[in-house]
Amino acid sequence: YSVSLVGPAPWGFRLQGGKDFNMPLSISRLNDGGKAAQAHVGIGDVVLTIDGISTDGMTHLEAQNKIKACTGNLNMTLQR
């Protein structure tokens, strides 16, 4: 499913995983009432794309930087 969080940050979630951890990027924590929680993002949801870019092969830091670069709004494709 796709989610679009209207900016600016904070987006209200924490990431875990990445190529450097040998696990898929996923949502590890949500802030109560944060933008991600309001958009019904779930803990454990796998992040497939950030702003149209596949997260396949992205390190944790690359994904964080990609998210930080999204100033207007953040578009992600997630999988439950």
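Visitor: Where does Thr49 sit?

Guide: Thr49 is in strand β4, which covers residues 46–50. This is a predicted model.

Visitor: Is that residue, Thr49, buried or exposed?

Guide: Buried. Thr49 has a relative accessible area of 19%, and it counts as buried because the cut-off is under 20%.

Visitor: What does the Thr49 side chain make a polar contact with?

Guide: With the side chain of Thr77, at 2.7 Å.

Visitor: And which residues is Thr49 in contact with, leaving aside neighbours within four places in sequence?

Guide: Ser54, Thr55, Asn75, Met76 and Thr77.

Visitor: Staying in β4, what about Val47? Which residues is it in contact with, on the same terms?

Guide: Once neighbours within four places are set aside, Val47 is in contact with Leu15, Leu25, Ser26, Ile27, Thr55, Met76, Thr77 and Leu78. Val47 is also one of the residues with the most contacts inside the largest nonpolar core.

Visitor: How many residues has that largest core, and which others have the most contacts inside it?

Guide: The core has 18 residues, and Phe13, Leu15 and Leu74 are listed with Val47 as having the most contacts inside it.

Visitor: Which elements give two or more residues to this core?

Guide: Strands β1 (2–6), β2 (13–18), β3 (23–30), β4 and β6 (73–79), together with helix α2 (60–68). The largest share, 3 residues, comes from β6.

Visitor: Why would such residues gather at all? Where do nonpolar side chains tend to be?

Guide: In soluble globular proteins, nonpolar side chains tend to be buried together.

Visitor: Step back a bit. How many helices and strands are there in the chain?

Guide: The protein chain has 2 helices and 6 strands. Read from the N terminus, the order is β-β-β-α-β-β-α-β.

Visitor: What is the radius of gyration, and what would a compact globule have?

Guide: The protein chain has 11 Å, and a compact globule of 80 residues would have a value near 12 Å, so the two agree. The C-alpha trace spans about 30 × 20 × 20 Å along its principal axes.

Visitor: What percentage of the residues is buried?

Guide: Of the 80 residues in the protein chain, 36% are buried. The accessible surface comes to about 4,700 Å², and 52% of that belongs to carbon and sulfur atoms.

Visitor: What share of the contacts is between residues 24 or more positions apart?

Guide: 58%, taken over contacts in the protein chain with a separation of 6 or more.

Visitor: Got an example of two residues far along the sequence? How far apart are Asn73 and Ser4?

Guide: Asn73 and Ser4 are 69 residues apart in sequence, with 6.8 Å from C-alpha to C-alpha. Asn73 lies in strand β6 and is partly exposed at 35% relative accessibility. Beyond four places in sequence, the contacts of Asn73 are Ser4, Leu5, Val6, Gly7, Trp11 and Asp51.

Visitor: Val6 is on that list. Is Val6 buried or exposed?

Guide: Exposed, with a relative accessible area of 58%. Val6 is in strand β1. Apart from residues up to four places away, Val6 touches Trp11, Lys35, Gly72 and Asn73. The C-alpha atoms of Val6 and Gly72 are 6.7 Å apart, for a separation of 66 residues in sequence.

Visitor: Asp51 was there too. What is its phi?

Guide: Asp51 has a positive phi of about 55°, although it is not a glycine. Asp51 lies in the loop between β4 and β5 (53–54) and counts as partly exposed, at 36% relative accessibility.

Visitor: What about the phi of Asn22?

Guide: Asn22 also has a positive phi of about 55° and is not a glycine. Asn22 is found in the loop between β2 and β3, and is exposed, with a relative accessible area of 77%.

Visitor: Now the prolines. Is the Gly7 to Pro8 peptide bond cis or trans?

Guide: Cis, with omega near 0°. The bond from Ala9 to Pro10 is cis as well, with omega near 10°. Pro8 is in the loop between β1 and β2, and Pro10 lies in the loop between β1 and β2.

Visitor: Last one: what does UniProt list for residues 7–80?

Guide: The unreviewed UniProt entry lists them as "domain: PDZ". Over residues 7–80, the chain is 18% helix and 38% strand, and the end C-alpha atoms are 23 Å apart.

Notes:
Residues numbered from 1 in each chain as written. Predicted model: local features only at pLDDT ≥ 70, side-chain atom pairs only at ≥ 80, totals over all residues. Heavy atoms only, no water. Helix = DSSP H or I, 4+ residues; strand = E, 2+ residues; numbered from the N terminus. Buried < 20%, exposed > 50% of the residue type's maximum accessible area, 1.4 Å probe, protein only. Polar contact = N/O pair within 3.5 Å; in protein donor to acceptor, adjacent residues only side chain to side chain. Contact = heavy atoms within 4.5 Å. Core = buried A, V, L, I, M, F, W, Y, C linked by side-chain atoms within 4.5 Å. Rg over C-alpha atoms; globule rule 2.2 N^0.38 Å. Areas by Shrake-Rupley, 256 points an atom, 1.4 Å probe, with all protein chains shown as cover. UniProt positions renumbered as here; feature names shortened; annotations may be inferred.
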